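Me: I'm new to this one, so could you walk me through it?
Reply: Gladly; here it is, and we can take it piece by piece.

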Amino acid sequence: MSILKQLVIVPRLLDVFFPCLCAGCGTPVEASRLFCAECEADLAMVTAPFCQICGCPFTSPQGNEHICGECLQQPPFFKAARSVFIYKEPIKRAIIQFKFLGCTALAELFAKVIITNLDGFIKQIAPDIVIPVPLHLSRLRERGYNQCLLLAKRIARILGIPCKKRTLQKVKPTMSQVGLSLSQRRFNVKGSFTVVDPDAVQGRRILLIDDVFTTGSTVNECAKVLVKAGADGVWVITLARTNNVI
Ligand SMILES: [Zn+2]
Ligand SMILES: [Zn+2]
């Protein structure tokens, strides 16, 4: 099923009471669509060829098994990472609304889009559990919700596997990663996550959920502690990734 079809599958009854607005430009849209036709045409999907580990898109044609220099030099702790969209408008605005402006209802549509577009990847992984990238308690209190947990819960429900929301915790508050270099980002998140329930991850194939993949420092730090706690493997899915093409 195409992504365009997926975007319109939500309970129609809601439309009667809550007229829908395009998550990209705010114009009214019919039948619970995520985007208006114009914004939908601007959506940029991650397409092959891309690094088989971190998922970064390549500009020149490469073999299907190609791995980027970054991953060859310093292999990440996660087995592979995949994203549906390139992080630019209009998905960027939709994610900002989801993350910071309380538009939590977007979780349902985002989860469906992820499952539809990364179906082959998820089948290959055959994950046992889903884990969201956690927020530090101070950030959670400030925001009121963890958008990654909302996404992870819906993905887990569709896949019919457990979502372990308390297993991985953020124990050290960190400054925003925005504007930091790769080495600063790595340093910023170092030691900020811990596994509080190793029994829940031991021998498990873990699907780790985040909203945006930028350098992968956050998900790599999460994967590191999960692997150290005995996970069989960690695979990462994010809704979008920045366009650092190689
Ligand atoms: Zn629009
Ligand atoms: Zn790579």
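**Helix H9 and its surroundings**

Reply: Let me start with helix H9 in this predicted model, whose buried residues are Gln147, Cys148, Leu149, Leu150, Leu151, Ala152, Arg154, Ile155 and Ala156.

Me: What do the buried residues of H9 pack against?
Reply: Their partners are helix H5 (91-100), helix H6 (106-117), strand E4 (129-132) and strand E7 (205-213).

Me: And how many residues does H9 have?
Reply: H9 has 13 residues, 147-159, and from its first C-alpha to its last it reaches 19 Å, which is close to the 18 Å expected at 1.5 Å a residue. Just after H9 comes Gly160, which takes a positive phi of about 75 degrees.

Me: Which residues have the most contacts inside the largest nonpolar core?
Reply: They are Phe110, Ala152, Leu208, Ile209 and Leu226, in a core of 65 residues. At least three residues of this core come from each of domain 1 (1-42) and domain 2 (43-241).

Me: Switching topic, where is Ala23 found?
Reply: Ala23 sits in the loop between strand E1 (20-21) and strand E2 (28-29).

Me: Why does Ala23 count as buried?
Reply: Ala23 counts as buried because it has 25 C-beta neighbours inside 10 Å, and the cut-off is 20 or more. Its contacts beyond four places in sequence include Leu34, Phe35, Pro90 and Leu106; Leu106 is 83 residues away in sequence, yet the two C-alpha atoms are 8.8 Å apart in space.

Me: Where does pLDDT stay under 50?
Reply: That happens over residues 4-16, while the protein chain averages a pLDDT of 88, with 89% of the residues scoring at least 70.

Key: Residues are numbered from 1 along each chain as its sequence is written. Chains are lettered from A and ligands numbered from 1 in the order in which they are written. This is a predicted model: local features need pLDDT of at least 70, side-chain atom pairs count only at pLDDT 80 or more; totals for chains, interfaces and linings use all residues. A nonpolar core is a set of buried Ala, Val, Leu, Ile, Met, Phe, Trp, Tyr and Cys residues joined through C-beta atoms within 7 Å. A residue is buried if 20 or more other C-beta atoms lie within 10 Å of its own, exposed if 12 or fewer, and partly exposed in between; C-beta atoms are placed from the backbone. Domain bounds come from an automatic or database domain assignment. pLDDT is the predictor's confidence in each residue, from 0 to 100. Two residues are in contact if their C-beta atoms, placed from the backbone, lie within 7 Å. Helices (H or I, at least four residues) and strands (E, at least two) are DSSP runs, numbered from the N terminus. The expected span of a helix is 1.5 Å times one less than its number of residues.
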